Amino acid sequence: MTLANPQPQALNFDCETGNYHTFCPISCVAWLYQKIEDSFFLVIGTKTCGYFLQNAMGVMIFAEPRYAMAELEEGDISAQLNDYEELKRLCAQIKRDRNPSVIVWIGTCTTEIIKMDLEGLAPKLEAEIGIPIVVARANGLDYAFTQGEDTVLAAMAARCPDKITAPEEKEERNPISRLLNFGRKKEEAIAESGEAESVDHPPLVLFGSLPDPVVTQLTLELKKQGIQVSGWLPAKRYTELPLIEEGYYACGVNPFLSRTATTLMRRRKCKLIGAPFPIGPDGTRAWIEKICSVFGIEPQGLEEREAKIWESLEDYLQLLRGKSVFFMGDNLLEVSLARFLIRCGMTCHEIGIPYMDKRYQGAELALLEQTCHQMGVPLPRIVEKPDNYNQLQRIAELSPDLVITGMAHANPLEARGVTTKWSVEFTFAQIHGFANARDILELATRPLRRNNNLKELGWEKLVKDEAKV
Amino acid sequence: MKLAYWMYAGPAHIGTLRIASSFKNVHAIMHAPLGDDYFNVMRSMLERERNFTPVTTSVVDRNVLARGSQEKVVDNIVRKDGEEHPDLIVLTPTCTSSILQEDLQNFVERAQLDSKGDVLLADVNHYRYNELQAADRTLGQIVRFYLDKAAKKGELPSGKTEQPSVNIIGLTTLGFHNNHDCTELKRLMADLGITVNAVLPEGASVQDLKNLPRAWFNLIPYRELGLSTAQYLQEHFGTPYVDVTPMGVVETARCLRQIQAVLNEQGAAVNYEAYIEEQTLHVSQAAWFSRSIDCQNLTGKKAVVFGDNTHAAAITKVLAREMGIQVVMAGTYCKYDADWFREQVGPYCDEVLISEDNAEIANAIARLEPAAIFGTQMERHVGKRLDIPCGVISAPIHIQNFPIGYKPFVGYEGTNQLVDLIYNSFTLGMEDHLLEIFGGHDTKDVITKEMAPDSDLNWTKDGLAELNKIPGFVRGKVKRNTERFARDRGLSDINAEVLYAAKEAVGA
């Protein structure tokens, strides 16, 4: 690690060749079908797509998943078969076997190249079979990994109701407050909760798919400040998509949701709260503070709360302080994670990232910069569309203490004595909010703890000839 | 369009990549969109490979759609040639490039001008071939390319090796137990006094391919992979081949007798009968096992077999012929080679199923109710659902099917492994069955794991709801910690907030 360079004053953005390893964005079906319980995801693509899903999702494939491939055959490609008739046949079969409340079509590279008009076919078929069909073009031509969720949620945003008349339906549309208050009358609930009195603020909708326990935690966190979350995009069920009217406020919980944010602003006329993301206690506090400031609320007790969380992390922080980390980049969580790890006392050489939306991530980038200044460490280089081969050269040169990377490189790097953490785990673990900060560090320190356990064995480099990379 | 939840054989490019990455110092460049390089993950994870998988992508993105790949593919090939100096770069088409219909052959020719290594375009069409067919074709293509090249340069060595020798063809990366099979086959050849001239493609160097014709014969252990190469070598160099899979006692003997015949035709004068007898009766335990009373108990038990051609056929024969088990159904997903399969297993099973549809196979298993299944990972899960034990005998496979311990399926040690696999599947089934009849191991009332403290605490509905979301194996611990937390603070009601506050405080 060299600190010879003078510290740059502003973040340094680079863009390389885009020759990097990541998951195909269709992988989003794996977590979204579980999140949206009454959905069915139909991926319209080839054997290549199917093979990826089948292998990447491992055992989930056997659990009778609510997703399937519409596998295109040569007749579909050469238009000998009629797309509409074919999709109608398959969707009718899905309706008969599973009876979902929504069918989500995932467009792939192939449907893009042969220009299958999914957006055009969907409304016609929807009218014919009586099930909503949502189209998301989550393909590898345009997007990387978690951006798949972004395309699905952006399409879902268009389906959120904008006016609700019947009162009983309204109740169903707000499952979170129902869960928290458990059928009690609203006033009663407030009186009993002993929390801050609910402040009068415009409706707030949060977007981003998170496991239900994390949804509850973040909702409660805002409730402590008197902020009521009127809905989440996505909700547990498609039929519970939140009400979104013009003038509502919206705030993202994940860094890869640029399209959804744009759709909410432009199409649904929401006001976007640009905040850092609630990853790590620093991020969570900044996230809440930003929402509070927009609503003119003085946040209560956040500083103590954050300090307390940091205190409880001390055992892990000791392992991380002074160590360096290198993000190869594949899931767009990189900036937020780097910001948190720098706050933990690490230095960061490089943040590789598939795609950098400087507007949507603006607040997060500002917090990263501020964190670096406060911790007195050099600003990392942010490399958009990285080139994995070049990165491996840089890793060889810098020998960072921890490389956060995809599975394609993890084992080979470990065999060369470079400690790695598999990046995909951050996507599937619970990492949001105060309470889950420990889980992030549990992941980040695991290879370091493994190193400590095995350090006396002297078996670090396990390849014979030190290959070029 | 076809509604599919699962597939047995992968797309064509996987076959090509398996061949390319099996060779030493061969690099594959996929013409594919971002994310199609999942092969690297599989190789790195399943095989726990220490080296970087020599596969990169020339990414097809919007710009490529708009303007064509133009210089991109050529640049990527030349760049890789300069970076890693591979002997050969294989440009690998995917489903995407199949429909883009760019002139990849032209890119290859242009890249060849500026590359030190050789450059080839894998001749596989995504919509016509699957993984296995593509692998077979690509191997044939590479072998042909280097033999032609050597012939043109006049570098083909003349004549055979002095001692009888063999090329073992078809062992690849990500093949089912291929690395163990390879070791076992080499041992077997050593026992027979046969030199191994080459193993293809795993670990081979393309520079050595010109020596292939020096072998006395080719051994093709797997039906799916290597046959076209063997046929080519026979046509052009007159090298005979043996394509009997030495899996199971009888088939191993048959394989060895064919080798004997092939060598004797070339004047080797070998006789393997004594070796076969010694191995069968005293070294392999399989023959003895089939006489032992354990195996007697398996007589007439029903089994279903499903997998690729090689393994499903071999296991069917072992079960029926060597263990007296009734194979009620044998099936394969190698539809393109179904006639061979029918001919192989016809006499040994009641019913043959040729299908790529996992639901059809699951339904057949449910209908037949066998005592054990021998299939792929998919059949293992069908077995789980139906409570039928399953031994995994064929790809598609998971990481547990890449064991570190020595577990060949071929040769005499392979027969021992098969006995364990088959016997363990059945006894597990029997044990289960007996337990059910007698009502489980422990018929007394189950003592609760939870030591119930006479709780003065009240879990609210939402508190309980949240508690129930916590995975079962830690729920007890979380519950105890939360209650302690609530007691310490004098709280009488535990709701979701208390639960999460406790989680934070205790780190539970």
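Guide: Two strands count as a pair if DSSP finds at least two bridges between them. Keep that in mind as we walk around, and remember that this is a predicted model.

Visitor: Okay, chain A. What makes strand 10 and strand 11 a pair?

Guide: Strand 10 (residues 324-327) and strand 11 (residues 347-353) of chain A share 4 bridges in the parallel sense. At least two are needed, so they pair. For a look at the register, find V325(A), which sits opposite C348(A) in strand 11 of chain A.

Visitor: Which sheet do these strands of chain A belong to?

Guide: An open one of 6 strands, ordered 1-12-11-10-13-14, with parallel pairing. Strand 1 (12-15) and strand 14 (420-422) of chain A are at the edges: each has a single partner strand, so one side of each has no neighbour in the sheet. From one strand to the next, the twist averages 20°.

Visitor: What makes you say that helix 18 of chain A packs on the sheet?

Guide: Its touches. Helix 18 (residues 388-398) of chain A contacts strand 10, strand 11, strand 12 (381-384) and strand 13 (402-405) of chain A, where contact means heavy atoms within 4.5 Å. The direction of helix 18 makes about 175° with that of strand 10 of chain A. Helix 21 (residues 437-454) of chain A lies across strand 13 and strand 14, at about 140° to strand 14.

Visitor: Now the two chains together. Why is the link between R62(B) and E112(A) called a salt bridge?

Guide: The closest N and O atoms of R62(B) and E112(A) are 2.6 Å apart. The cut-off is 4 Å between a side-chain nitrogen of Lys or Arg and a carboxyl oxygen of Asp or Glu, so this pair qualifies. Across the interface of chain A and chain B, the rule finds 6 salt bridges, and the count of residue pairs in polar contact is 22. As for the classes, the side of chain A that touches chain B has 46 nonpolar, 20 polar and 21 charged residues.

Visitor: How many residues does each chain put into the contact?

Guide: Chain A gives 87 residues and chain B gives 62. Between them the chains bury about 6,600 Å², with 60% of it on carbon and sulfur atoms.

Visitor: What makes strand 3 of chain A and strand 1 of chain B partners?

Guide: Bridges again: 3 of them join strand 3 (residues 67-71) of chain A to strand 1 (residues 2-4) of chain B, and these strands run antiparallel. With at least two required, they pair, so this pairing crosses from one chain to the other. You can spot E71(A) opposite K2(B) there.

Visitor: And within chain B, how do you know that strand 4 and strand 5 pair?

Guide: There are 4 bridges between strand 4 (residues 88-93) and strand 5 of chain B, which run parallel. The rule asks for at least two, so they pair. L88(B) has D118(B) as its bridge partner.

Visitor: What kind of peptide bond joins L200(B) and P201(B), cis or trans?

Guide: A cis one, with omega at about -15°. P201(B) is in strand 7 (residues 195-201) of chain B. Another cis bond joins A395(B) and P396(B), with omega at about 5°.

Visitor: Last stop: what is notable about the phi of N99(A)?

Guide: The phi of N99(A) is positive, about 45°, although this residue isn't a glycine. Look for N99(A) in the loop between helix 4 (83-98) and strand 4 (102-107) of chain A.

Methods
Residues are numbered from 1 along each chain as its sequence is written. Chains are lettered from A and ligands numbered from 1 in the order in which they are written. This is a predicted model: local features need pLDDT of at least 70, side-chain atom pairs count only at pLDDT 80 or more; totals for chains, interfaces and linings use all residues. Side-chain values use heavy atoms; hydrogens and water are left out. Axes are lines fitted to C-alpha atoms, for helices over the stretch in contact, and angles run from 0 to 180 degrees between N-to-C directions. Buried area is the accessible area (1.4 Å probe) that two parts lose on being put together, summed over both. A polar contact is a pair of N or O atoms within 3.5 Å; within protein, one must be able to donate a hydrogen and the other to accept it, and residues adjacent in sequence count only if both atoms are side-chain atoms. Ala, Val, Leu, Ile, Met, Phe, Trp, Tyr, Cys and Pro count as nonpolar, Asp, Glu, Lys and Arg as charged, and the others, Gly among them, as polar.
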